[in-house]
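Subject: Structure handover

Hello,

Here is the structure you are taking over. My notes on what was found in it follow below.

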Amino acid sequence: MIRTDWTMAEARAIHDLPFADLMHRAQALHRAHFDPTAIETASLLSIKTGGCPEDCGYCSQSAHHDTGVKATKLMDTAEVLAAARQAKAAGAQRFCMGAAWRSPKDRDMDKLCDMVRSVADLGLETCMTLGMLSPEQVARLKAAGLDFYNHNIDTSPDYYARIATTRTMADRLDTVEQVRKGGIKVCCGGILGMGEAEEDRIAMLVTLATLPAHPDSVPVNLWNEIEGVPVQVRAQAVDPFALVRIVALARILMPASVVRLSAGRTGMSDELQALCFLAGANSIFVGDQLLTTGNPAAWKDHDLLTRLGMRVAKARPQIAAPQA
Ligand code: SF4
């Protein structure tokens, strides 16, 4: 059953189960909703890098932080298309295009819609992350054929003000709701290891699991070291079992959502990634680069999936009826 009325107490109790019980429960739900041997693959391209007016404390692309990332203009559709072709050839099913903006300018919308149409014509699923959107912008992207929109809440409502001050959690949730109401699938998750408490990680998942509808995709990112950003000084290593517990909790609270093991995989052992897949993670980014940080080489992912007897899903790996 898909529930959107989870309480913190319930989530905490699940999170704290003995590890074997937690994994068993996550596995049972994973198998009820998905083929556990199938992994969804997405590829990420920064279509407009750096110079962002937001002050997200973890982000190398914020103009508020001295990280050495150079601001670029919005890429041309032809360049984006060339990258999308490469991603498809490398095995990606979905192509995610990210721009470092507070929100897109209306003058950029024609080009963005053109990118969506062109990438979709290659037979790839399309995803964009562009910051806050107005209802009109959502409608235009939807009409262009955009499948997914990524807009992470990053952390818990309580910890959010320690992460960004130029926007609020309410702003984030408002865009997520606009996107959902506009008929675009929502991709929304967060980052572990930014100095937050365990309670914040659980609260982040409860926030997602109590939205009017669960996000279709839930990315779980591990903090990647980035010099020059405020989070770096309070970042803490995440215990591998703490990560697995959060993945399992995401699977249990949002059983029909695809859970993506996102940034931070370069620092994870094969064994830890395998545990995350057992706990319910069923999506990864492929390709050597995320927006500005590294990602495992394609051969490493291929090798890992082969050793685990897993395969890249031809389509969304869901086997049960989608969430109403
Ligand atoms: S809005 Fe996005 S690009 Fe801009 S600082 Fe925040 S995370 Fe970085």
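Is F241 buried, partly exposed or exposed? F241 counts as partly exposed, because its relative accessibility is 47%. Please keep in mind throughout that this is a predicted model.

**Confidence**

Mean pLDDT for the protein is 92, and 95% of its residues reach 70 or more. Residues 320-324 are a weak stretch: pLDDT stays under 50 there. For that stretch the model has 6 contacts beyond four places in sequence.

**The aromatic pair**

F241 has a ring partner. Searching the whole structure gives 1 aromatic pair. F19 and F241 form it in an edge-to-face arrangement, with 5.5 Å from centre to centre and 75° between the planes. F19 belongs to helix α2 and F241 to helix α9, so the pair ties together parts that are 222 residues apart in sequence. Like F241, which is partly exposed at 47%, F19 is partly exposed, with a relative accessible area of 25%.

**The strands β1 to β4**

β1 and β2 run parallel and are joined by 6 bridges. Within this pairing, S46 stands opposite G98 of β2. Between the two strands the chain passes through helix α3 (residues 77-89), and this β-α-β crossover is right-handed.

Strand β2 (residues 94-99) is mostly covered, with 6 of its 6 residues buried. R94, C96 and G98 point one way from the strand, while F95, M97 and A99 point the other way, and all are buried.

Next comes strand β3 (residues 125-129), which runs parallel to β2 and is joined to it by 5 bridges. C96 faces C127 of β3 across this pairing. From β2 the chain reaches β3 through helix α4 (residues 109-121), again in a right-handed β-α-β crossover. G98, already mentioned as standing opposite S46, also stands opposite T129 in β3. β3 is mostly covered too, with 4 of its 5 residues buried.

β3 also pairs with β4, in the parallel sense and over 2 bridges. Here M128 has Y149 in β4 as its bridge partner. β3, helix α5 (residues 135-144) and β4 make up a right-handed β-α-β unit.

**The nonpolar cores**

Which residues have the most contacts inside the largest nonpolar core? They are I47, L112, M128, L130, L141, L243 and L253, in a core of 92 residues. Helix α9 (residues 240-253) gives the most to this core, with 10 residues. A second, separate core has 6 residues, among them A42, C96, C127 and F148. C96 and C127 are the residues that stand opposite each other in β2 and β3.

M128 is worth a look in the viewer. Leaving aside neighbours within four places in sequence, M128 is in contact with I47, M97, L112, M115, V116, L141, L146, F148, Y149 and N150. That list includes Y149, its bridge partner in β4.

**Helix α10**

Helix α10 (residues 270-279) has L272, Q273, A274, C276, F277 and A279 as its buried residues. The elements that cover them include α2 (19-33), β1 (38-48), α9, β8 (258-261), β9 (281-285) and α11 (298-307). α2 and α9 are also the helices that hold the two rings of the aromatic pair. After α10 comes G280, with a positive phi near 125°.

**Two loop residues**

Where is D154 found? D154 sits in the loop between β4 (148-150) and α6 (160-163). D154 is not a glycine, yet its phi is positive, about 75°. D154 counts as buried because its relative accessibility is 1%, and the cut-off for buried is under 20%.

V233 is in the loop between β7 (217-222) and α9. With a relative accessibility of 77%, V233 counts as exposed, since exposed means over 50%. V233 and V259 are 26 residues apart along the chain, and their C-alpha atoms are separated by 28 Å.

Those are the notes.

Regards

Conventions
Residues numbered from 1 in each chain as written. Predicted model: local features only at pLDDT ≥ 70, side-chain atom pairs only at ≥ 80, totals over all residues. Heavy atoms only, no water. Core = buried A, V, L, I, M, F, W, Y, C linked by side-chain atoms within 4.5 Å. Buried < 20%, exposed > 50% of the residue type's maximum accessible area, 1.4 Å probe, protein only. Contact = heavy atoms within 4.5 Å. Pairing = 2+ DSSP bridges. Right-handed = clockwise from strand over helix to strand, strands pointing away. pLDDT = per-residue confidence, 0-100. Phe/Tyr/Trp six-rings, centres within 6.5 Å; stacked < 30°, edge-to-face > 60°.
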